[in-house]
Amino acid sequence: MNTSLKTTSLHQWHKDAGAKMADFGGFDMPLWYEAGVKNEHLAVLKSAGIFDTSHMACINVGGKDSFALINFCFTRDIVSLKTGRCVYGAFLDEQGHCIDDAIVYKFGETQFMICVNAGMGAAIASHLDSKKKQMDVSIEDLSGKIAKMDIQGKNSAKILAKLIKNPEIVFDKMPYFSFKGHFSNAPDGIENVTLADGTPILLSRSGYTGEFGFEIFIAPAAIVALWEKTLIAGEEFGITACGLGARDSLRAGACLPLSHQDIGHWKFTNHPWSFALPYTADKKGFTKDFFGAKALAPADDDKFVYPFVGDTLRKANTGENTEVLDENCQNLGQVLTCATDMGIGWLENKIVSINTPDLPQDLKIKGLSCGFVMVSKPLEPGVKLSLKEGKRSIDVTFVTDIRPNRTARMKLDNFI
Amino acid sequence: MKEISDLNFPEDVKYTKDHEWSKSCGDIVTIGLSDYAQDQLGEIVFVELPEVGDSFSQGDEFGSVESVKAVSEVYIPISGEIVGINEDLEDAPELVNEDCYEGGWIIKIKPEDPSQLDDLMDKAAYLNMLKG
C-alpha cells in the first residue's frame, strides 16, 4: 500500500475481509471482496449490498445567505427544495466545466450540507468561499469528520428496520431523495433517527446503484459497529459487502456518471444528465443565473456524451487509444466509461434485467458492457458504433437508458 | 488481494514477465496465466482465443482476457503453431481464476524452437521478479 493514501474507519475491516484494495481519490479502498464483483453486483440487484463510502466528503454551509450562495454556485435551482429533501447537481467553474458533482441536503432555510466526491471537500469549500464575497455564510469542510455507508437493494429497508429505533415512523413518508435525522445534533426541524443503541444517523433515501436503498451518515467512531451489525441483520437476506468494482458496474448500468470520468473538465452540457441543469420547461433557457452558466451556450466545438450498451459482455478499455467509430469508420471521440452490468442481457432488440418480469425460461443473462462515450457530433438513439483498440473491437449501440426495471424510484412501501 | 506467499506457483512450469506460464509435455507446450495474473485481474468474464492452425512468434499477442476490471492482452511465451484451444473457457471463463494451471489452461502449441523455453523464468526467478 502507498503509505500516503488516506484510509476510512473501515479500512482494517476491508483488509481483514481479504478485499483487493486500490487507490481511489486518494483513499485506499476495496475494489472487491472474496465474493467477487459479479456476486456483489448481483446481490444488490437481487437482495442487498453495503458499500463503504466514507471517502466521500461533506461541507456544512450555514448562515443567512447560505441559500443564495448555493443557488448561485450549484447547477440545480434549489428555490423549491424543501427541508428534509436533497438534490443532485454540480458545481461549475467559469468555463462551465464541472469541478465536481454533489448532493445538496437542506436542513433548514439557513442550513445546508453538501456531499461531494473523495478528496473534493477542500476544493468545493474553497470554491464556495471564493464566491461568497460579502455574504453572511459559514462554510465548514467536514472531511474526515463523518463516515458514510450505503445499503442498496430491495431488502435494504427490511434489514435497516432491525437496526434503527421506530422504523415504521422513520420509513413513513420517505420518498426518493428525502432524508431524516442527523449524524450529530439534529438541527431544528429535523427529527432524530437513531440506531437501537442511540447512535444518531442521517438516513438518506438515495444511492449510486440505481436500486432502492439508503445512504447513512454517521460518526466515524460508530461506523464499524453499524457495518458489522448490518451484515448480521442482513445475513438472512444474503447481504454482501460490495467494493468499488460493483459500485462502478451498478452505476454504469443505472446510467449515472462518475465525476472526473464522465463529467469533468469540459462543458457540463449535451450529456444524459440534463436534469442536473436548471432548464426552463421549454429547455431554451435556465430558471436562474448561476456561476458557469454563460459558458454553457452552444458552440461549434461542443462535445456530446451518450450512453451505450454492447452486443455482449465484452468491454473496451477507456482512454485515448480506443476509437469510437461510426459505420463509415470515422473516429468520433473517446470512451469515458466501459463496465459490464452482469445483470442485463439482450432479448431480441430489447435490454432486459434479471429483475424484468416474465422472462423466457431459457434466457441466459450473462451481462452486457455499457458506459458512456464522448463524441464530436450529435447522434440519434439506436446508432451502432464500434469501440476499437488495435485489433480488438466491440460493437455497441447508443441507447437512452441501460438497465431496465430499476428500483431506486419505487415507493418505499413496496420494500417493507 | 492475496499476498504472494498465498499464491500457487508450481515448479514444473516456466513463467514470463507478462505472467503467462508454459508447460512442456512431449512435443506440445500448454500455456496459461499464472496465479498472480488471475489474482490481479479479478474475475475473468471472457477469454478471446486464437484459432487452431494460427502461428505466432515469441512475444506476440495471441488473445485477450477480460476481467470485471479490465481487458488484458496475453502474449505467447515461445514461437509456435496453435494445436489446441481450451473450448471450456467459452462457457466457463472463471476456470482461469479457479484452476489456472489445470482446467484453466488457454492454448496448446507446437513450438517452433523448444529451446526458447530456456529463456523463460523458473519459479524462483519469477518469485524474485514479483517480490521486486
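**Helix α8 of chain A and the contacts around it**

So, let's start with α8(A): ten of its ten residues are buried, so this helix is largely enclosed by the rest of the structure. By buried I mean that 20 or more other C-beta atoms lie within 10 Å of the residue's own. Keep in mind that what you're looking at is a predicted model.

Who's on that buried list? You've got Leu244(A), Gly245(A), Ala246(A), Arg247(A) and Asp248(A), and then Ser249(A), Leu250(A), Arg251(A), Ala252(A) and Gly253(A). After the helix comes Cys255(A), and its phi is positive, near 65°.

Now let's zoom out to the domains. The domain assignment splits chain A into domain 1, which is 11-54 plus 146-252, and domain 2, which is 257-266 plus 303-398. Their C-alpha centres sit 29 Å apart. Where they meet, domain 1 of chain A puts in eight residues and domain 2 of chain A puts in twelve. On the domain 1 side, the elements giving two or more residues are α2 (37-46) and our helix, α8 (244-253). Sorted by class, that side has three nonpolar, two polar and three charged residues.

And what about chain B? Here 15 residues of chain A are in contact with eleven residues of chain B. On the chain A side, β1 (20-24), α2 and α8 each supply at least two residues. The class breakdown for that side is four nonpolar, six polar and five charged.

So if you're clicking through the model, try α2 and α8 of chain A: both turn up on the side of domain 1 that touches domain 2, and both turn up again on the side of chain A that touches chain B.

Notes
Residues are numbered from 1 along each chain as its sequence is written. Chains are lettered from A and ligands numbered from 1 in the order in which they are written. This is a predicted model: local features need pLDDT of at least 70, side-chain atom pairs count only at pLDDT 80 or more; totals for chains, interfaces and linings use all residues. Domain bounds come from an automatic or database domain assignment. Two residues are in contact if their C-beta atoms, placed from the backbone, lie within 7 Å. Helices (H or I, at least four residues) and strands (E, at least two) are DSSP runs, numbered from the N terminus. Ala, Val, Leu, Ile, Met, Phe, Trp, Tyr, Cys and Pro count as nonpolar, Asp, Glu, Lys and Arg as charged, and the others, Gly among them, as polar. A residue is buried if 20 or more other C-beta atoms lie within 10 Å of its own, exposed if 12 or fewer, and partly exposed in between; C-beta atoms are placed from the backbone.
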